[in-house]
Amino acid sequence: MNIQTIINEFNFKAIKSSGPGGQHVNKTSSKVLASFHIQNSKGLNDDEKKLLCKKLCKKISTEGYINFSSSNSRSQHQNKIIAIDRLIDLIRLSLAKKKI
């Protein structure tokens, strides 16, 4: 697994977030939607792709993407960092081998 290659393969989309924030929330797109296509990834080998598809089958869309959105912060940049961290953590945990 090459983490830097995987991060470069993420697609990001900024959308308007709901929740508190007054008029600011109505004018800015601070919520970040991050998506990652497992089968098209060059940062994963074939065995890792199969394992991820098996373990994350319920989280993969019909198009083959894993999607994660973050609206924790009012900052689009901070939400992007949170989305990257959580997607990488999800991939790492799914690829971790259980100890016997």
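Helices (H or I, at least four residues) and strands (E, at least two) are DSSP runs, and they are numbered from the N terminus. With that in hand, we can take a walk through this chain. Please keep in mind that this is a predicted model, in which local features need pLDDT of at least 70, side-chain atom pairs count only at pLDDT 80 or more, and totals for chains, interfaces and linings use all residues. Residues are numbered from 1 along each chain as its sequence is written, and side-chain values use heavy atoms, with hydrogens and water left out.

## The overall picture

The protein chain has 4 helices and 3 strands. Reading along the sequence, you meet them in the pattern α-β-α-β-α-β-α. The C-alpha trace spans about 50 × 30 × 25 Å along its principal axes. Of the 100 residues in the chain, 31% are buried, where buried means under 20% relative accessible area, exposed means over 50%, and partly exposed lies in between (1.4 Å probe, protein chains only).

Contact here means heavy atoms within 4.5 Å. Among contacts between residues at least 6 apart in sequence, 63% join residues at least 24 apart.

## The core

A nonpolar core is a set of buried Ala, Val, Leu, Ile, Met, Phe, Trp, Tyr and Cys residues joined through side-chain atoms within 4.5 Å. The largest one in this model has 15 residues, and the members that touch the most others are I6, F10, F36, I38, L44, L52 and I91. Two elements, β2 (31–37) and α4 (76–95), give two or more residues to this core. The most comes from α4, with 6 residues.

Let us look at L44. Leaving aside neighbours within four places in sequence, L44 is in contact with M1, I6, F36, I38, K49, L52 and L95.

## Two helices that cross

How do α3 and α4 lie relative to each other? Helix α3 (residues 46–55) packs against α4 at an angle of about 100 degrees, and the axes are 9 Å apart. Axes are lines fitted to C-alpha atoms, for helices over the stretch in contact, and angles run from 0 to 180 degrees between N-to-C directions. Angles under 35 degrees count as roughly parallel, over 145 as roughly antiparallel, 65 to 115 as roughly perpendicular and the rest as oblique. The two helices α3 and α4 are therefore roughly perpendicular. On the α3 side the contact uses E48, L51, L52 and K55, while α4 brings I91, S94 and L95.

## Three residues to find

Now try locating these three in the structure. The contacts in the table leave out residues up to four places away in sequence.

| Residue | Place | Relative accessibility | In contact with |
|---|---|---|---|
| S35 | strand β2 | 12%, buried | E9, F10, N11, Y65, I66 and N67 |
| Q39 | loop between β2 and α3 | 45%, partly exposed | K49 and C53 |
| S70 | strand β3 (residues 65–70) | 1%, buried | S30, K31, V32, N79, I82 and A83 |

S70 has one more detail to show: its side chain and that of N79 are joined by a polar contact of 3.3 Å. A polar contact is a pair of N or O atoms within 3.5 Å; within protein, one must be able to donate a hydrogen and the other to accept it, and residues adjacent in sequence count only if both atoms are side-chain atoms. As for Q39, its C-alpha is 18 Å from that of F12, and the two residues are 27 apart in sequence.
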